[in-house]
Amino acid sequence: MAMNSDLTGLTLAEARDALAKGETTSVELTEAYIAAVAAARPLNAFVTETPEKAIEMAKASDARRSAGTVGAMEGLPLGIKDLFCTKDVLSTASSHILDGFQPPYESTVTTNLWNAGAVMLGKLNMDEFAMGSSNETSYYGPVANPWRPEGDNRTFVPGGSSGGSASSVAAEIVVAATGTDTGGSIRQPASFTGIVGAKPTYGRCSRFGVVAFASSLDQAGPMTRTVRDAAIMMGSMVGFDPMDSTSVDMPVPDFESALTGDIRGLKIGIPAEYRIDGMPPEIEKLWQQGEAWLRDAGAEIVPISLPHTKYALPAYYIVAPAEASSNLARYDGMRFGLRVDGNDLTETYEKTRAEGFGAEVQRRIMIGTYVLSAGFYDAYYLKAQKVRTLIGQDFEQAFGQVDAILTPTAPSAAFAAGEKSGDPIAMYLNDVFTVPASMAGLPGMSVPAGLSDNGMPLGLQVLAPAFDEMTMFRVGGVLESAAAFSARPRKWWLA
Amino acid sequence: MSLDKDTVRRVARLARIEVAEDRLEALGQELNQIIGFVEQLDEVDTSSVAPMTSVAKQKLRWRADEVTSGGQAEKVTANAPASDMNFFVVPKVVE
């Protein structure tokens, strides 16, 4: 029997193979992770731990394996972002307004994962309603990044909004986790915690049962230790679903088979507009290093232009709050969650929403309400949707010349808790490199590529044309091999 | 464009979020900072650009108009803060 720390040290692909060879069982693996989760509570990565359910699912998985039925994720224990509805298990979106909510149904993405044999360890903390870039807006408190600079005992943020997912994968207390990405919420936290985070093309993953933030942008994706793990897990998350009107009915390729290690002859675009003012030299250096790695692997580096890059973030901060204000209108205190009684119906609505939503969520609902209000719709929302067309055209033209695009994932490494929480715009700028692809619905992934001057992880982002996740994984795999990122956080929470 | 106190009060009312009178001014400043940021878009000439309506470039599917679910009133009301005999209990709306 293997030691517990050996088991939790395995990547998803390694654990899959160990299970297949009979070197361990799902119950053994799951027990090791349950212990690791309990020992890592100082990270505050979980909103709800479900150890009993995990053991039950692991036993069922081992029984299936004995009977000869083995799914692609058979027996692998996962963490699930609390934005996914899980049947009869508290699902909160890390908001007070969803107090006690136990959905009577299961999201399609988690259903797909359970059908592939995966095991649920629990529900992961996040920014409230996925609105944030540091996981500091959760009603359940901030999540800590497992990484800290050497000799620095302050808490650093894991990024957001999938901060609990990123933190738990980096801390090796789950094999992998689900995330969701609206403007960078998978890729930016992946960069901050030294893991892989991949967002498929809009429409690949069903949004059914995922608490809605901005419906034209929201996409689920895997957060994992390696590119191979992400390819395996994405394959089990995606697929056509009649329950989501924007789900695409397209064949799903075998993403893992994209990892050929061969990118000879591929054209990789380097967008000039991503070289922003005030970009830290360490980010610039890492980006050039990434370029060199891909060139050495036989790719051709092509300078490209995405002229409307600088307008993606302001357009996003019209479109996303507008859609959020509409989606979050359903939280009225009548059908589920929190109700705070007032003297009449309107006062009950107003008190419920004032107490149930945190400051950032209230801010975004009000921005959204304002930009959609009578007389302003054309000036803001319509204008932003026109700019969005231009951003999409920029990428279309670029992908006429290149096969994939390489950029930094985020403009900085993880920062200390509290450092940016007083300034919304400074916080929004975290997503400057991830938002453009979100606005165009394109697939993108962050691959850990190096360390900052103070020893914190940094990621590089690979973007690909719509529905060409295969090229994204192919390039991501080569980048990962070249970077050979092997640094791990010191497990200070075990002290 | 900038949001004065009255506009913030009106937006809060539309959004059904209670905001204390003494918070209106500070909240207005926060919102103005964001509105100022997004107004950079005014620099972009969009006079001959159509707005994006679907990122996935596909038509919405049709489906058969038929009953696919129902008869689950108990489940539907199970999470309600107040319910009675499978009905939602809400504050009095009609006098």
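**Group meeting: the sheet in chain A and its contact with chain B**

Let me start with one pair of residues: A:Gly79 has A:Gly122, in E3(A), as its bridge partner. What we are looking at is a predicted model, in which local features need pLDDT of at least 70, side-chain atom pairs count only at pLDDT 80 or more, and totals for chains, interfaces and linings use all residues. Residues are numbered from 1 along each chain as its sequence is written, while chains are lettered from A and ligands numbered from 1 in the order in which they are written.

That glycine pair belongs to the parallel strands E2 (residues 77-81) and E3 (residues 119-124) of chain A, which 5 bridges join; strands (E, at least two residues) and helices (H or I, at least four) are DSSP runs, numbered from the N terminus.

Helix H3 (residues 26-39) of chain A packs on the sheet and touches E1, E2 and E3 of chain A, with its direction at about 20 degrees to that of E3(A); such angles run from 0 to 180 degrees between N-to-C directions, along lines fitted to C-alpha atoms, for helices over the stretch in contact. Contact here requires C-beta atoms, placed from the backbone, to lie within 7 Å.

Helix H8 (residues 227-237) of chain A also packs on the sheet, and its direction makes about 145 degrees with that of E6(A).

Turning to the other chain, 36 residues of chain B are in contact with 50 residues of chain A. On that side of chain B, helix H1 (5-14) and helix H2 (24-38) are the elements giving two or more residues, and H2(B) provides the largest share, 6 residues.

Notes:
Two strands pair if DSSP finds at least two bridges between them. Two residues are in contact if their C-beta atoms, placed from the backbone, lie within 7 Å.
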